[in-house]
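Thanks for coming, everyone. I'll keep this short. Please look at the screen, and I'll talk you through what is there.

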Number of protein chains: 2
Amino acid sequence: MSNTTDTAALVAEVDRLKLELQSLQAKTGVPETTVGAYLLERLAQLGVRSMFGLPGDFNLGFLDVVEDHPKIDWVGNCNELNAAYAADGYARIKEDALGVVLTTFGVGELSAINGIAGAFSEMVPVLHIVGQPSTSQQKTKPLLHHTLGDGRFDAYTQASKPFVIHQVALMNAADAASLIDEAITICITKARPVYLALPTDMVLQKVSTERLSIPLSRTPPPNDQQTEDFVIDQIYQLVKDAEGDVVVLVDACVVRHDVRKEVAQLLKETGFPVYAAPMGKTSVDENNPRYGGIYVGSLTDPAVKERVEDAKLVLSIGALLSDFNTGNFSYNIPTRHNIELHSDHTKVQYARYNGIGMKGMLPRLTEKLRSFHSVSSKIPVPDFIKKVPGEPSHDITHLWFWPRLSFFFQNHDVIVTETGTANFGILDVPLPAHATLVSQVLWGSIGWSVGSALGAALAAKELGRPRTILFVGDGSLQLTVQELSPMIRKGLTPIIFVLNNKGYTIERCIHGKHRKYNDVADWKWSSLLDTLNDGGKVPSESYTVTSKRELNELLDNKEFASAQKIQLVEVMMDPQDAPAALIRQTEMTGQGNAYGNAD
Amino acid sequence: MSNTTDTAALVAEVDRLKLELQSLQAKTGVPETTVGAYLLERLAQLGVRSMFGLPGDFNLGFLDVVEDHPKIDWVGNCNELNAAYAADGYARIKEDALGVVLTTFGVGELSAINGIAGAFSEMVPVLHIVGQPSTSQQKTKPLLHHTLGDGRFDAYTQASKPFVIHQVALMNAADAASLIDEAITICITKARPVYLALPTDMVLQKVSTERLSIPLSRTPPPNDQQTEDFVIDQIYQLVKDAEGDVVVLVDACVVRHDVRKEVAQLLKETGFPVYAAPMGKTSVDENNPRYGGIYVGSLTDPAVKERVEDAKLVLSIGALLSDFNTGNFSYNIPTRHNIELHSDHTKVQYARYNGIGMKGMLPRLTEKLRSFHSVSSKIPVPDFIKKVPGEPSHDITHLWFWPRLSFFFQNHDVIVTETGTANFGILDVPLPAHATLVSQVLWGSIGWSVGSALGAALAAKELGRPRTILFVGDGSLQLTVQELSPMIRKGLTPIIFVLNNKGYTIERCIHGKHRKYNDVADWKWSSLLDTLNDGGKVPSESYTVTSKRELNELLDNKEFASAQKIQLVEVMMDPQDAPAALIRQTEMTGQGNAYGNAD
């Protein structure tokens with residue numbers, strides 16, 4: 001039994017109980033703070049250093065408190081959708097913290113809703129704080145600006161409901177602190193967005209600081225010991241029956257539910273081969289010789305496919321089985337060969353064990369299974385290595401581009417890829433140790449990567465990670481282009497590769513290959529950073545590359561690679577060129593849609 | 001009794017009944033079309049010539065039909081929120097048609113939701129068509145991209161519900177045509193957004209063309225004759241008791257519910273003085289000598305205020321009593337002096353008559369009240385004239401800017417103003433005959449004006465109106481800046497005044513006068529059109545003006561004024577300068593919010 005994890009779970013449980021008690025037994029004589037300051041202090045305790053959003057009537061008073069806060073920096077975004085994307089990207093990199101976005105009643109919060117829904121879908125902890133009219137106005141319901149004109153003040157909260165795991169409105173000081181604690185705790189433990197409504201007149205109301213001395217924690221409660229013992233025995237027996245022929249398949253929730261370290265330890269001590277689903281890429285070190293690359297059902301490289309599907313047992317950790325994450329649901333792993341570990345349940349073959357979460361069980365499983373190391377560590381794993389294919393043409397193709405880029409990446413890079421060619425192109429290339437890939441495979445909202453890269457780059461800077469690299473198509477970038485402006489204003493230095501293929505190539509792959517509706521306007525990308533620059537004060541550089549040679553030269557340039565200033569690289573590509581994995585995936589998608597006509 | 005209107009109402013009623021009959025008695029042997037083509041044909045019949053939106057998986061098949069349609073042009077927007085704004089602006093100018101926006105499942109439709117909610121709030125007929133997964137996928141609910149990962153395929157439709165007047169999903173060919181007709185009819189008669197879900201496999205299903213020969217109409221059903229007679233008598237008696245001392249107060253719904261002509265006739269035949277609420281500006285001809293300007297409660301010019309509030313009777317037409325439209329609810333008109341005409345009811349003093357709509361009643365009221373012309377036409381009306389104040393400073397102030405612009409405006413101009421300084425600045429200046437002001441006073445979503453101006457400019461072009469002029473602040477423009485790109489791509493030639501005051505001046509007026517959160521980055525506005533230009537092919541011109549002299553010279557330049565190419569004018573203004581009406585309004589708003597602290 002792993003003492004460290006178990007102790008952490010127990011400490012967290014004790015704190016939760018203390019907080020519950022405190023709600024019932026408030027002390028007197030404890031210093032007071034304001035509701036606004038209390039909320040910020042809780043966020044600061046969890047490592048939040050940047051807050052996203054826009055000012056708007058109904059949140060300006062709270063913004064005073066934010067602007068004056070010594071630890072939290074206000075990032076004025078250009079619009080609310082981008083702000084939500086940024087909070088999502090921030091949370092994905094600051095894995096111990098959460099993303100926070102502040103909007104205003106109606107107009108602001110609704111603009112952010114797609115970004116919040118994406119965070120729900122992809123399981124990212126984002127706290128959405130909404131400035132609302134005063135508690136008295138919410139009772140009298142005057143026909144204010146930003147309303148629907150019919151007194152339905154609750155319509156926006158209702159609209160948000162399907163996309164958050166919890167909603168709360170702070171309507172009086174007496175329970176504000178405990179409601180804030182509850183909301184934040186749910187957000188970080190469930191790794192899902194939470195909606196917190198803050199009426200204008202609540203911001204400066206007084207609350208006790210007493211609870212602030214008890215930390216909030218994302219560590220889940222301990223599993224039921226007897227059930228966990230039983231499950232571990234079951235798994236042990238299956239591994240034994242399989243004679244150690246096990247492969248581990250990691251997926252998105254390894255990161256979302258905070259078991260990166262536990263999984264690394266399992267892999268180290270057991271020697272099991274490991275593969276990743278697309279959404280699990282970089283959740284384990286890709287330089288580990290036991291790492292064999294991406295498994296994505298029928299779209300998998302044949303050597304990998306055989307290894308995964310022929311294993312006697314697959315130990316799947318944190319799976320999220322969406323269409324684009326599974327090669328259109330084409331996993332070929334029999335249930336009787338399959339064990340699934342999730343944040344709040346475990347499946348062993350056909351049996352499901354509710355309440356048995358992986359965070360608590362993984363260390364104990366590692367202890368139990370380490371005896372298989374001598375056998376399991378000898379199971380062969382296909383090489384997953386960097387190799388640039390020889391191509392006679394000078395043009396920059398996806399086939400060449402992504403392997404070439406793999407030699408450009410460095411340890412600790414934060415790599416953000418847009419839904420589209422980039423999400424698929426990146427899959428087949430190994431990324432360095434401690435590099436993190438940020439992508440939105442399930443939700444797939446085009447334009448997301450730009451806002452997300454802003455948040456990710458800020459988080460990377462806070463963590464001392466020197467480079468954030470964004471890959472985005474020209475079509476997607478047009479949706480959210482203004483968010484390059486806060487990058488410049490905040491002194492961030494991402495490298496932005498704009499794959500200029502004159503439109504939405506992912507859509508072209510699905511349907512309408514030569515249709516005009518998949519084309520976009522031809523912007524002068526090389527002058528964009530200069531146009532958005534903050535009074536021309538911030539150094540920036542833009543490049544256009546049209547051939548392999550030009551790109552090679554740029555990538556080999558040490559000053560470029562050092563990412564000391566914000567840089568944009570326009571990469572000219574053929575509108576119809578796409579990574580092979582995307583072409584195969586979208587053929588299946590198009591069939592499922594039954595569009596019915598050729599074009 | 002006015003024969004024209006009455007006949008129109010009867011013809012519309014006959015058509016409605018024919019359509020109802022047709023649903024029950026489908027003929028055989030009638031040519032067929034597809035569901036997609038049927039929908040487009042209905043829209044084309046109503047005058048729709050441009051459709052807004054973005055391609056996305058789940059709407060690509062329908063886009064084939066749109067792209068191939070001979071009458072409807074696809075406007076590829078840069079993002080969905082902007083597309084919804086554009087559909088809204090289009091509908092506001094093409095008053096006989098409607099705006100149409102096409103998005104895709106989840107990611108697309110949610111991005112548009114704030115734009116749709118704005119159209120609901122402001123009563124603009126916008127049809128939101130959403131491409132959805134196929135009918136079979138909606139039954140099996142696979143974990144597709146763009147889903148929440150939990151099979152809740154109906155979550156997005158639910159989220160949209162508070163913001164539309166009607167929702168429908170086309171799930172089989174048998175009732176598709178009648179459901180389309182019902183959806184469009186509700187949209188245009190209620191002047192509110194409607195949500196229409198179109199699964200991928202429905203687009204090419206066959207439907208009969210039979211219904212297409214019966215037109216859809218926005219003319220409301222005739223009022224109940226006896227009640228209407230009674231109401232008209234009541235009003236007549238009040239006007240008589242008032243000895244013809246009546247003022248007419250026009251508001252937003254004069255335009256939204258299509259009674260511009262009826263109101264003009266009433267004013268002509270009775271000679272009543274007329275004033276407008278902010279949202280009703282340009283609903284009547286401002287060059288009419290009987291027009292006295294804007295009434296906005298306690299914020300009104302004293303000469304106007306006295307005239308309106310001292311009248312023995314106020315005939316209010318199409319009122320929408322929101323905070324910014326009424327000087328924070330400071331109307332000083334006793335209910336016993338007040339008559340309100342609405343689209344679906346009438347109020348006479350304290351009495352409410354449901355079902356008595358203004359469209360049918362206005363012509364009869366005009367007939368009844370024309371006898372007061374000799375008296376009423378002599379009631380004095382304050383001059384509402386153009387006059388530029390003398391100011392010693394060279395700086396461009398709001399006090400000077402708006403009156404100066406009033407000499408630049410021409411007949412038939414389409415003038416779009418952003419929420420903020422522009423919405424308030426424009427109020428006090430007379431606009432030419434047949435000019436239309438497009439603004440979003442109630443919903444007030446910043447950035448709206450840019451998308452809206454795209455739609456308005458397209459509509460203006462279709463109607464042969466030569467100029468569209470946009471006034472937007474630098475802060476607001478950053479939210480939606482990319483929508484200048486489709487303007488360029490579509491060859492539109494708006495004149496775009498960017499009021500550069502380094503941030504959100506309307507927020508500064510409400511709260512946080514010197515706070516950083518109200519500042520925005522300082523873009524190089526003069527290079528923006530060039531950066532967004534479509535391969536540099538489209539002529540454009542940008543200017544920066546820093547003094548009254550520079551702006552005067554530009555406005556007097558005939559080539560500039562002829563609006564033959566897209567032009568952007570950056571107008572340098574003091575960050576704290578604002579129109580007087582905005583300052584007075586926001587003082588009241590800030591108090592209502594009870595932010596509680598000074599800054």
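Salt bridges between chain A and chain B: the count is 8. Keep in mind that this is a predicted model. Here is one of those bridges. Arg515(A) and Asp68(B) meet through their side chains, with 2.7 Å from N to O.

Next, polar contacts. Across the interface of chain A and chain B, 54 residue pairs are in polar contact, both partners at pLDDT 80 or more.

Which element of chain A gives the most to the side that touches chain B? Helix 3, residues 60–68 of chain A, with 6 residues. And what is that side of chain A made of, by class? There are 42 nonpolar residues, 34 polar ones and 20 charged ones.

Now the interface as a whole. On chain A, 96 residues are in contact with chain B, and 96 residues of chain B are on the other side of those contacts. The area buried between the two chains is about 7,600 Å². Carbon and sulfur atoms give 56% of that area.

Let's finish with a single residue, Thr282(B). Where is it found? Look at the loop between strand 10 (274–276) and strand 11 (291–294) of chain B. Is Thr282(B) buried or exposed? Buried, because its relative accessibility is 5%, and the cut-off for buried is under 20%. Leaving aside residues up to four places away in sequence, Thr282(B) touches Arg260(B), Leu431(B), Ala435(B), Thr436(B) and Leu437(B).

That's my part. Over to you.

Note on methods: Residues are numbered from 1 along each chain as its sequence is written. Chains are lettered from A and ligands numbered from 1 in the order in which they are written. This is a predicted model: local features need pLDDT of at least 70, side-chain atom pairs count only at pLDDT 80 or more; totals for chains, interfaces and linings use all residues. Side-chain values use heavy atoms; hydrogens and water are left out. Contact means heavy atoms within 4.5 Å. Buried area is the accessible area (1.4 Å probe) that two parts lose on being put together, summed over both. A salt bridge is a side-chain nitrogen of Lys or Arg within 4 Å of a carboxyl oxygen of Asp or Glu. A polar contact is a pair of N or O atoms within 3.5 Å; within protein, one must be able to donate a hydrogen and the other to accept it, and residues adjacent in sequence count only if both atoms are side-chain atoms. Helices (H or I, at least four residues) and strands (E, at least two) are DSSP runs, numbered from the N terminus. Ala, Val, Leu, Ile, Met, Phe, Trp, Tyr, Cys and Pro count as nonpolar, Asp, Glu, Lys and Arg as charged, and the others, Gly among them, as polar. Buried means under 20% relative accessible area, exposed over 50%, partly exposed in between (1.4 Å probe, protein chains only).
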